[in-house]
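These notebook entries record what I looked up in one structure. I kept each entry short.

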Amino acid sequence: MNLIAVVDIDHPDLSLAPTIRECPDVTIRVVPQSGTDPETGIFFFLVENPGEEFETRLDEDHTVAEWQLVAGSAATRVYRIRHPPETKLVSPKTSELSGLMREATTSARGWTVRLQFPDREALAALADYCDDEDISFTLQQMFRQDEWNGGEPTGLTEAQRVALVTAYENGYFEEPREARLADVADELDLSPTAIGGRIRRGTAKLVETALLEE
């Protein structure tokens with residue numbers, strides 16, 4: 001069996017931490033299966049709603065040694081970013097512990113990562129490593145998965161799933177509506193713009209995977 005853990009991590013020297021703080025309406029995700037090399041500090045990131053100031057923030061970010069725009073438009077872009085050696089990363093330690101970082105998405109306080117480990121001991125070892133490095137490590141969810149699964153059946157990202165579930169639990173989808181978008185955003189400590197985007201994209205993905213035929 002495989003252990004799945006959803007964890008919030010935070011530290012001023014984590015990858016893109018200054019940019020995350022300066023651009024609260026921007027959602028950044030590590031691009032999976034993109035040739036990411038944690039040993040060299042080179043990562044690919046998908047950036048949603050970057051805005052005009054985003055690249056200026058990258059220039060000012062001390063966790064960015066160099067960046068390159070790979071592809072995209074005004075709404076969504078992909079960047080190749082190299083981090084300097086002093087940037088704090090959890091992916092090398094995760095790999096060392098025979099784990100896999102399934103997903104990494106920015107949150108208001110840093111990153112929300114979805115990790116896959118062979119057992120609880122490996123997860124505990126990563127938590128100890130983060131404690132030694134003064135990296136905030138908050139376990140949000142943990143469960144067992146009987147089979148190795150490369151992705152969720154719904155196709156949702158973890159950020160979209162959390163946004164949709166939180167909106168549902170707070171009555172956002174009730175008629176009449178029991179919660180505003182701002183209420184859901186406050187619950188997750190994010191901006192209404194960011195939450196609205198996640199709910200729209202998550203809803204579209206659910207329609208695509210559940211209602212549309214191939």
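The entries go from the whole chain to one helix, then to the spaces beside that helix, and end with a single residue elsewhere.

**Entry 1. The whole chain**

I noted at the outset that this is a predicted model. I then looked up the secondary structure, and the chain has seven helices and eight strands. The chain has 214 residues, and 43% of them count as buried. Its exposed surface comes to about 11,600 Å², with carbon and sulfur atoms supplying 48% of that area. I also looked up how far apart in sequence the contacting residues are. Of the contacts between residues at least 6 apart in sequence, 65% join residues at least 24 apart.

**Entry 2. Helix H5**

I turned next to helix H5, which covers residues 158–169. H5 is made of 12 residues, and the distance from its first C-alpha to its last is 16 Å, close to the 16 Å expected at 1.5 Å a residue. I looked up which residues of H5 are buried, and found Glu158, Ala159, Gln160, Ala163, Leu164, Thr166 and Ala167. After H5 comes Gly171, which has a positive phi, near 85°.

**Entry 3. Gln160**

Is Gln160, a residue of H5, buried or exposed? I found a relative accessible area of 8% for Gln160; this residue is buried because that value is under the 20% cut-off. Apart from neighbours within four places in sequence, Gln160 has contacts with Arg198, Arg201 and Gly202.

**Entry 4. The cavity**

I then asked where empty space is left inside the model. Rolling a probe the size of a water molecule over the atoms shows where such space remains. How many cavities of 30 Å³ or more are there? I found one. The largest cavity holds about 50 Å³ of space.

I looked up the lining of the largest cavity and met Gln160 again, together with Thr27, Arg29, Glu48, Thr105, Thr157, Ala159, Arg198 and Arg201. Arg198 and Arg201 are also among the contacts of Gln160. Strand S2 (27–30), H5 and helix H7 (192–210) each give at least two residues to this lining. By class, the lining of the largest cavity has one nonpolar, four polar and four charged residues.

**Entry 5. The second largest pocket**

H5 appeared once more when I looked up the second largest pocket, whose volume is about 450 Å³. This pocket is lined by 22 residues, and those nearest its centre are Asp8, Thr112, Gln140, Val162 and Leu188. Which element gives the most to this lining? I found that H5 does, with seven residues. Elements that each supply at least two residues include strand S1 (2–10), strand S6 (100–107), strand S8 (136–145), helix H6 (181–188) and H7. The lining of the second largest pocket divides into nine nonpolar, seven polar and six charged residues.

**Entry 6. Thr94**

Finally, I looked up Thr94, which is in helix H3 (residues 91–96). Thr94 counts as buried because its relative accessibility is 1%, under the 20% cut-off. Leaving out neighbours within four places in sequence, I found Thr94 in contact with Gly99, Leu100, Met101, Leu115, Phe117 and Leu126. I also looked up the distance from Thr94 to Ala122: they are 28 residues apart along the chain, and their C-alpha atoms are 8.4 Å apart.

Notes. Residues are numbered from 1 along each chain as its sequence is written. This is a predicted model: local features need pLDDT of at least 70, side-chain atom pairs count only at pLDDT 80 or more; totals for chains, interfaces and linings use all residues. Side-chain values use heavy atoms; hydrogens and water are left out. Helices (H or I, at least four residues) and strands (E, at least two) are DSSP runs, numbered from the N terminus. Buried means under 20% relative accessible area, exposed over 50%, partly exposed in between (1.4 Å probe, protein chains only). Contact means heavy atoms within 4.5 Å. The expected span of a helix is 1.5 Å times one less than its number of residues. On a 1 Å grid over the protein atoms alone, a cavity is a set of points where a 1.4 Å probe fits but cannot get out, and a pocket is an open set with protein on both sides within 12 Å along at least five of seven lines; lining residues have an atom within 4 Å of a point. Grid points are joined across faces, edges and corners, and a volume is the space filled by probe spheres set on the points. Ala, Val, Leu, Ile, Met, Phe, Trp, Tyr, Cys and Pro count as nonpolar, Asp, Glu, Lys and Arg as charged, and the others, Gly among them, as polar. Accessible areas come from the Shrake-Rupley method with a 1.4 Å probe; for residues, only the protein chains shown count as cover.
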